[in-house]
Amino acid sequence: MSNFELSEQEGIRRNSLKRLRELGINPYPAAEFEVNATAKEIKENFVAEKKNYQEIVFAGRIMSFRIMGKASFAELQDHTGRIQIYVNRDEICPGEDKTMYNEVFKKLLDIGDIIGVKGFVFTTQTGETSIHIKEFTVLNKSLRPLPIVKEKDGKTYDAFTDPEQRYRQRYVDLIVNPHVKDVFIKRTKIINTMREMFNEYGYFEVETPILQPIPGGAAARPFKTHHNALNIPLYMRIANELYLKRLIVGGFEGVYEFAKDFRNEGMDRTHNPEFTVMEIYVAYKDYKWMMKFTEEICERVALALHGTTKVQLDDKIIDYKAPYPRVTMTEAIKEHTGYDISGKDEKELRDICDKLGIETDPSMGKGKLIDEMFGEKCEGNYIQPTFITDYPVEMSPLTKKHRENPELTERFELMVNGKELANAYSELNDPIDQRERFEDQLKLSEKGDDEAMFIDQDFLRALEYGMPPTSGMGIGIDRLTMFMTNSSSIQDVLFFPQMKPEKKAVELTEEEKLVQGLLKAKSPVDLVELKTATGLSNKKWDKAIKGLTSKKVAKVEKNDDGLFVTLV
RNA sequence: GACUCAGUAGCUCAGCUGGUAGAGCACAUCCCUUUUAAGGAUGGGGUCCUGAGUUCGAACCUCAGCUGAGUCACCA
């Protein structure tokens, strides 16, 4: 980057960097800097154990400065929080040379720099636990000014809030908005809690392919890519279900994976093109067992995060205390629309949709019609955790038919706050039935459903060797995190949500280049003469000359003879 | 994909019926001995998102575009 593009503050910081080097201070030292305390533990423990904090070594980023004559205060932030430091000139610089304080500390350091300090902990007159420092070490010179967020009495000033900047520059967001970090700490805690529970049960964490020749296990549009050496198309996985079931065939009795899935679909507040799903498959279990297991997951996660099963979400309290109500899809539709869908054919279902004011199109089969009814009229009503069970067979091509009614499947979704949180089945292990279901999907695809599933011959081959009765469940980690951290947008629970690329900064425009060319021939030159020579319209001339002056390419000066333009 | 709103200094935001920009913080210079978003004084800093149009004149009006947010549509 050339120098004239730097803002004033960036220029000043680069000059400070240069000056530090001139003083023999390495602004980017290589050596280990071993700390022996964190901001959090000092603030929590100092008052009770004063003796333990007489020789501490601490490192952090400078977040505020209060410089006075011979004494200054600053706040340092480490991964646990912030703590104040007190700096006294004559202690930092015991001899005659006061450079370390007067120049280095007061002038060359900026908010955003990272320093290490040695000293002792004390309490100021105003009662703030602080580090009285004896020496400091520059660990990193920051070249960009940080947005400064201030807070007093719970009121925040100058908050860094622009969502675009927060998501694009998450590193800045994390530095200045401490609550952002909390969300991600909770996200990891959710995953750890689940992993611990599954391991306790003796289940086995595995990894399965992300690049797949046939994207299976869900109804969604995949991302397509290409493998050069094999010269074949490959797809990014939309689910890991079919691979995990192959492992059950292979003899594992409980497998799970925290998986990144990819779907080439719309983006909004609740959808990111890549997202995390936990899928688990357990042999010799059914979907009824899985409901209890899912309840235990939710309960344990809520307790691990909040110490209670009651979790705030918007203006509601969601209680994850088990057990949750079980409502069949037929009951749910009956309750919220008044129509009984049991035993109805496609035409009758379409008529009901019409009466309910639900739009349909000819590509929709029975399953899709029922799904629409549920999605439009029922889903939103289930705020507290509720299992919706026994989905129509057309909607669930990988699910075992219901033991009592072949029109239905042994499937449940866990609804929370009107949204799907988890999805589970008694897995279909009848290879002949599975092949027929895939063929039905193919028919849907021919009818125009671009999300219908492909036939995975290898998966069918695996089932033909025999898979024990198995129950599987998938849970959206992003959505669970949103629920557990009261976040209204998926972007708030992803470190780096997908964004459109940033636009490149434009260089000189055509008009500016024209003016620059004329200036190279003659400079300084009378402004009116130059303008006439360009032949530009008033507006274009104005833009061009302002552009050049702002980029410090040209300069306009006024003297007694008039206005003159000079090439810089 | 449709509609609504927004884009002005490093950050948060003003900016009147159209007359080429302001504040606070941040930054710089100077003064100041344990201060609490904020000591005092002075000063510098701008592609008003981009382009075109209307106009004597556009941050402001019109059109197109870019980016983001929200609502809806699509969608496990």
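In the predicted model, 46% of the 568 residues of chain A count as buried. The accessible surface of chain A comes to about 29700 Å², and carbon and sulfur atoms account for 50% of that area. Secondary structure in chain A consists of 18 helices and 23 strands. Among the contacts in chain A with a separation of 6 or more, 63% are between residues 24 or more positions apart.

Helix 12 comprises the 13 residues 366-378, which should span 18 Å at 1.5 Å a residue; the computed distance between its end C-alpha atoms is 17 Å, in agreement with that expectation. Its buried residues are Lys366, Gly367, Leu369, Ile370, Met373, Phe374 and Cys378. Because these residues cover an arc of only 165° around the axis, they lie on the same side of helix 12. The elements that cover them include two helices, helix 10 (329-337) and helix 11 (346-356), together with strand 17 (386-389) and strand 18 (411-416).

The loop between helix 11 and helix 12 contains serine 363. With a relative accessibility of 23%, serine 363 is classed as partly exposed, since the buried class requires a value under 20%. When neighbours within four places in sequence are set aside, serine 363 is in contact with Leu444 and Lys447. Tyrosine 425, by comparison, is separated from serine 363 by 62 residues in sequence and by 25 Å in space, C-alpha to C-alpha.

A search of the whole structure yields 40 salt bridges. Side chains of opposite charge can pair when their charged atoms come close. One of the salt bridges is formed by arginine 166 and aspartate 492, with a distance of 3.7 Å between the closest N and O atoms. This pair links distant parts of the chain, 326 residues apart: arginine 166 belongs to helix 5 (residues 163-168), whereas aspartate 492 is in the loop between helix 15 (477-485) and helix 16 (510-521). Arginine 166 counts as buried, at 15% relative accessibility.

Two further salt bridges join residues that lie within a few positions of each other in sequence. Arginine 89 pairs with aspartate 90, the closest N and O atoms being 3.2 Å apart; aspartate 90 is partly exposed, at 35% relative accessibility. In helix 14 (residues 457-465), aspartate 458 and arginine 461 are 3 residues apart and are therefore separated by about one helical turn. Their side chains meet in a salt bridge with an N to O distance of 2.8 Å, and aspartate 458 is partly exposed, with a relative accessible area of 32%. Elsewhere, Arg166, Arg170, Asp173 and Asp492 are joined into one network by salt bridges that share partners.

Terms used:
Residues numbered from 1 in each chain as written. Chains lettered and ligands numbered in written order. Predicted model: local features only at pLDDT ≥ 70, side-chain atom pairs only at ≥ 80, totals over all residues. Heavy atoms only, no water. Helix = DSSP H or I, 4+ residues; strand = E, 2+ residues; numbered from the N terminus. Expected span 1.5 Å × (residues − 1). Buried < 20%, exposed > 50% of the residue type's maximum accessible area, 1.4 Å probe, protein only. Arc of directions from axis to C-beta. Contact = heavy atoms within 4.5 Å. Areas by Shrake-Rupley, 256 points an atom, 1.4 Å probe, with all protein chains shown as cover. Salt bridge = Lys/Arg side-chain N within 4 Å of Asp/Glu carboxyl O.
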